Protein chains: 2
Amino acid sequence: MSTDPVKEPLVIFTPSGKRGRFPAGTPVLTAARQLGVDLDSVCGGRGICSKCQVVPSYGEFSKHGVTVADDALSDWNSVEERYRQKRGMKPGRRLSCQATVQGDVVIDVPPESQVHRQVVRKAASARAITMDPATRLYFVEVQEPDMHEPTGDLERLERALGEQWQIGEITADLSVLGKLQPTLRKGKWQVTVALYHDHTGGPARLIDIWPDLHEGGIYGLAIDLGSTTIAGHLCNLDTGEVLASSGLMNPQIRFGEDLMSRVSYAMMNPGGDAEMTRAVREALNALAQELAEEGKIDPALICEVTLVCNPVMHHLALGIDPVELGQAPFALATSDSLSLPARALDLTAINTRARLYILPCIAGHVGADAAAVALSEEPDKSDDLVLVCDVGTNAEILLGNRTRVLACSSPTGPAFEGAQISSGQRAASGAIERIEIDPVTKEPRFRVIGINRWSDEPGFDKQVARTGITGICGSGIIEAVAEMRMAGLLDPSGLIGSAAQTGTDRCIADGRTHSYVIHDGTADGGPLISVTQGDIRAIQLAKSALYAGARLLMDEMGVDKVDRVVLAGAFGAHISPKHAMVLGMIPDVALDRVTSAGNAAGTGARIALHNVAARAAIEKTVREITKVETAIEPKFQDHFVAANAIPHATDPFPELRQAVPLPDVHFNTGGGDGEGGRRRRRRG
Amino acid sequence: MSTDPVKEPLVIFTPSGKRGRFPAGTPVLTAARQLGVDLDSVCGGRGICSKCQVVPSYGEFSKHGVTVADDALSDWNSVEERYRQKRGMKPGRRLSCQATVQGDVVIDVPPESQVHRQVVRKAASARAITMDPATRLYFVEVQEPDMHEPTGDLERLERALGEQWQIGEITADLSVLGKLQPTLRKGKWQVTVALYHDHTGGPARLIDIWPDLHEGGIYGLAIDLGSTTIAGHLCNLDTGEVLASSGLMNPQIRFGEDLMSRVSYAMMNPGGDAEMTRAVREALNALAQELAEEGKIDPALICEVTLVCNPVMHHLALGIDPVELGQAPFALATSDSLSLPARALDLTAINTRARLYILPCIAGHVGADAAAVALSEEPDKSDDLVLVCDVGTNAEILLGNRTRVLACSSPTGPAFEGAQISSGQRAASGAIERIEIDPVTKEPRFRVIGINRWSDEPGFDKQVARTGITGICGSGIIEAVAEMRMAGLLDPSGLIGSAAQTGTDRCIADGRTHSYVIHDGTADGGPLISVTQGDIRAIQLAKSALYAGARLLMDEMGVDKVDRVVLAGAFGAHISPKHAMVLGMIPDVALDRVTSAGNAAGTGARIALHNVAARAAIEKTVREITKVETAIEPKFQDHFVAANAIPHATDPFPELRQAVPLPDVHFNTGGGDGEGGRRRRRRG
């Protein structure tokens with residue numbers, strides 16, 4: 001059987017460039033496997049799964065030094081022909097398990113035939129996700145039982161997986177053990193199994209089994225469980241494709257808007273924690289069902305879930321009383337990542353044996369959601385010093401580079417989401433989301449969610465009649481306050497000027513303070529939408545908390561400025577960098593160094609769903625992150641007070657001032673709401 | 001700190017004989033640990049658990065070459081004194097964690113202070129069980145949380161267990177994770193945990209947690225789930241003590257008396273398997289509750305269960321349809337041992353996180369109960385060739401020695417248990433359990449369960465009036481048939497003689513055959529208790545199956561005789577070796593080489609409960625056992641037919657004939673039921 005290896009055909013794979021000589025008659029798949037080429041196959045070379053499709057190239061390849069003859073591969077055999085007739089194949093493609101090498105050949109492995117194929121993320125700045133999921137399908141041929149060798153069916157399946165897929169020990173729940181015997185017989189000893197094998201070692205888990213080749217695919221959910229909204233992606237665990245994305249309100253809102261009010265609810269009401277646990281688990285099931293419907297798949301094919309959330313959501317979802325998270329030292333019941341059966345969280349809408357992976361928490365105030373942001377934005381791999389702010393009801397803040405990463409959380413409250421604002425509302429039809437104020441006329445123009453024109457453009461009135469103008473959403477209020485500051489309607493201390501001080505009737509008296517009217521709909525029975533002095537104070541509190549957290553990390557890092565800022569969070573995607581900077585939400589950097597990462601926590605959940613090595617990586621990263629606790633750090637209070645001014649009492653913000661005019665107005669005349677002014681003067 | 005080690009006090013431990021020199025002031029427990037002495041401690045040396053009690057000896061020890069002065073140990077310190085006053089201690093004892101070495105000393109470690117203490121089994125022939133359970137208690141002091149180092153409570157518990165008990169990674173179910181934080185705080189960061197750590201490696205499982213030192217103990221159940229009865233032992237997992245033993249009927253009996261009729265029920269009735277699964281799981285819960293009540297413990301302290309059973313019970317308990325076990329090739333869904341949460345079998349009566357270990361099955365007909373018998377009786381460690389028969393509705397048969405072990409099962413049917421016998425009944429009050437027949441007068445005398453006199457003894461009638469004489473149990477029918485053979489009432493072919501042939505009126509005509517009357521209670525409205533020709537045929541079928549199985553193994557082993565026989569099974573305990581041999585149930589050996597092992601399967605379950613290494617050992621043994629399938633072996637039929645005669649058509653039984661007279665009678669006159677006789681003649 002030994003032939004001169006020099007005379008054997010040369011096989012070159014692209015794009016890997018791997019090459020080797022093989023005896024004529026070697027299947028292309030076999031050659032690929034021996035060379036370690038990344039080429040998929042679910043059916044193990046039986047010509048039925050078509051995952052191993054390749055594109056042979058013919059002709060002269062001076063780069064590789066070979067000429068590929070037309071007959072470099074074998075003719076189509078009956079298996080390959082049957083597959084083409086039954087299922088169809090793109091022109092130029094071959095099944096690598098059937099086509100054999102006959103002469104020198106160059107074989108291209110298209111992206112969709114690679115095991116570790118990459119899924120391009122939608123967000124512009126994003127890197128690709130390499131597919132390497134914990135749950136995978138394997139087609140396997142099991143030896144029939146025999147009275148002379150009385151091993152169990154499970155043990156013979158295990159042996160077959162070892163021989164055909166080099167998989168070691170497997171374990172099976174009783175529920176799948178009950179399906180094993182009928183399925184093996186229905187498939188005539190050929191079955192497809194879904195195995196879960198994560199990064200922690202240990203035996204692979206038998207998640208499900210189907211007779212013959214299972215062509216329905218398997219799916220995973222990546223869930224970002226927030227205090228206010230629960231967002232989920234339904235993904236194909238083989239291709240990485242996102243079939244559906246959806247979100248729903250966290251029903252726990254009825255127990256309290258923010259985290260601490262939910263912890264209080266648990267403390268004040270016996271069984272209150274269990275009530276909230278039930279509510280959120282029901283919502284998770286509803287979300288799974290909704291996504292399966294939207295993606296048009298059987299929910300029983302959802303075999304895996306990854307979950308990220310803040311520590312209070314984490315404990316409530318797990319059924320752990322969050323009381324310790326409401327008081328120092330904010331001890332988590334467990335901080336490590338968790339790998340659980342999804343049914344431990346009553347996730348009954350999906351496969352009964354689906355696994356659930358929850359990313360590790362960083363600290364009692366910095367949760368798995370922050371870990372997911374770190375996984376998505378990778379501050380630990382950044383050459384320059386990056387500040388990542390995940391802005392929500394609570395802000396998660398990361399600062400770091402290749403050398404070191406710091407993390408903290410800061411209680412911004414719900415003002416950035418439009419709550420606790422006089423005309424505030426959630427981002428929905430009718431909400432003002434963008435505002436510009438003319439610095440000369442002090443007149444506003446704005447855009448409303450669902451309407452594609454500005455308020456001063458022709459046709460706006462007609463369009464807006466459908467939805468009405470109902471309030472201001474989170475990004476709208478930030479723009480409004482920043483624009484008021486730029487237009488000279490608001491002084492650095494946060495005081496709104498009177499009509500006389502500002503020269504516009506839109507500044508109206510409101511008790512001892514003033515408000516700025518953006519839209520008066522009262523003539524038509526609509527609301528008066530204005531920014532009140534109270535609104536300004538709420539935004540000041542929120543932005544001071546965010547800025548103080550960032551500054552605290554900068555102190556710990558020993559720096560005065562950062563190289564770039566990433567705004568994350570569903571809300572972060574809508575914040576305009578310029579307006580955020582005018583408010584002094586984030587430290588001063590060049591405006592083009594502020595980017596948005598969209599829902600980075602959700603992306604982190606999706607990465608962990610698709611790539612098992614990413615789980616090990618983020619667990620390691622989290623162990624190495626330095627946690628800074630804002631609640632016990634005295635400097636946090638100083639930073640908070642100094643950050644009350646707009647943009648800041650002491651930090652100069654040179655980059656901002658170069659880009660944007662900030663009128664030097666002062667409206668405190670000794671009366672009215674002078675607190676902000678007094679504070680500014682004392683420190684300025 | 002370094003002192004001359006020769007001048008340091010010498011500490012000698014008994015019974016181990018381990019010795020070493022230690023600096024004055026070394027606690028005795030520390031010295032023991034450094035020397036590797038087997039000395040227990042749950043509280044880790046804090047003077048609260050008292051597990052580490054030792055007995056110092058004083059005076060001259062020429063054997064050891066030391067003299068122990070009265071002040072060889074330190075005085076009682078306040079911790080030790082407080083323990084003695086509060087809890088009491090036996091005279092002469094000291095807490096080894098508190099008493100320190102001051103001079104040369106001899107220290108005895110009493111059995112109850114040894115970690116690997118031995119539990120003596122009750123059965124005469126039995127070896128001791130070494131305590132080394134999978135589930136153990138550990139007292140541990142956990143570091144309080146700290147905002148500067150925000151690990152979770154579970155992670156700090158894990159670290160403490162690593163530091164204080166050298167335990168690696170631990171995992172915790174959500175249900176115990178929810179108890180963790182309040183328990184740690186209630187115990188002021190001192191808690192007792194129950195950890196499950198089995199022989200398969202992997203992380204230890206946190207089964208439960210109690211504040212402070214938990215003094216209520218933890219318990220385990222060893223269950224032998226038979227087709228007819230379910231027997232359980234409640235054991236202390238620390239001491240090995242059996243607190244309670246109990247049994248109840250398997251409620252599946254209503255679906256079929258023997259295994260194959262239950263498999264048929266599952267095949268004929270959709271959902272029938274689930275119905276039987278529910279029934280047996282309810283019974284297991286009821287048994288657990290009953291045992292906890294009897295043992296006067298909280299059932300939530302039952303932290304572990306070991307279960308043995310035959311393959312059909314195995315599948316039905318696990319919720320797997322046993323249909324494949326009803327037809328060749330009798331494929332098990334799984335044959336390996338199983339380690340599961342007990343709640344996977346709905347065992348809700350005990351600790352919700354209790355673990356369940358099921359021994360491996362040997363083959364589709366030879367179950368975990370046979371494996372348990374092998375664990376208890378250890379044929380693989382026997383120098384001589386031993387035949388172990390576990391006699392029940394199905395007989396499990398093992399044959400082997402150090403070189404090789406063979407196993408098979410044989411379908412004896414329920415006749416040995418008194419079923420399918422005209423006057424048969426289960427072993428209960430009123431049942432005849434022993435019989436003797438005078439070979440001259442042909443008159444019987446018997447004993448009835450619950451009555452301590454023979455039927456011909458004075459006072460019997462008065463005593464028996466309470467219960468009545470209601471039938472014959474399994475051991476009674478075996479003795480009756482054997483005694484009839486010895487008294488010349490039954491010929492070798494199994495024919496009962498007529499009154500004329502036997503010379504007694506107790507042999508009455510019964511259609512074309514005869515019956516032997518043991519007790520006629522009809523005058524008082526009671527039953528006529530007799531042995532009919534049909535009864536003889538049922539016993540012949542059962543004993544032929546058992547003998548043929550044994551012979552098949554002997555063929556496979558290449559031997560004509562065995563060195564000894566062990567009768568196991570709850571029923572085996574009551575069989576008289578002489579009568580079993582007269583029947584030809586077992587191969588011919590000297591009668592004193594036949595012993596009873598009692599419920600060896602239950603004992604095997606108890607060994608696996610108490611000693612985790614025994615699990616690894618029996619798993620290895622089972623893999624090495626040669627399985628012989630009676631159903632496909634043509635020689636089985638030949639052996640079965642030849643074994644129909646009493647004791648046997650061809651095997652000479654020299655040992656038996658030496659011990660017992662077997663009259664050479666023949667009752668076949670060409671009429672009546674001559675089948676047995678014809679067969680005998682053809683082969684004899």
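Let's start with the buried residues of α7(B): they are P311(B), V312(B), M313(B), H314(B), H315(B), L316(B), A317(B) and L318(B). Buried here means that 20 or more other C-beta atoms, placed from the backbone, lie within 10 Å of the residue's own; 12 or fewer would make a residue exposed, and anything in between partly exposed. Helices are DSSP runs of H or I with at least four residues, numbered from the N terminus. For helix α7 of chain B, residues 311–318, 8 of the 8 residues are buried, so this helix is largely enclosed by the rest of the structure. Just after α7(B) comes G319(B), with a positive phi of about 85 degrees.

Please keep in mind that this is a predicted model, where local features need pLDDT of at least 70, side-chain atom pairs count only at pLDDT 80 or more, and totals for chains, interfaces and linings use all residues. Residues are numbered from 1 along each chain as its sequence is written, and chains are lettered from A and ligands numbered from 1 in the order in which they are written.

Now, how are the two chains related? Chain A superposes on chain B by a rotation of 180 degrees with 0.1 Å of shift along its axis, at an RMSD of 0.2 Å. The fit is by least squares on C-alpha atoms of residues with pLDDT of at least 70 in both copies. That is the relation of a two-fold axis. In chain A, G202(A) has the C-alpha nearest the axis, 3.7 Å from it.

Note on methods:
Helix = DSSP H or I, 4+ residues; strand = E, 2+ residues; numbered from the N terminus.
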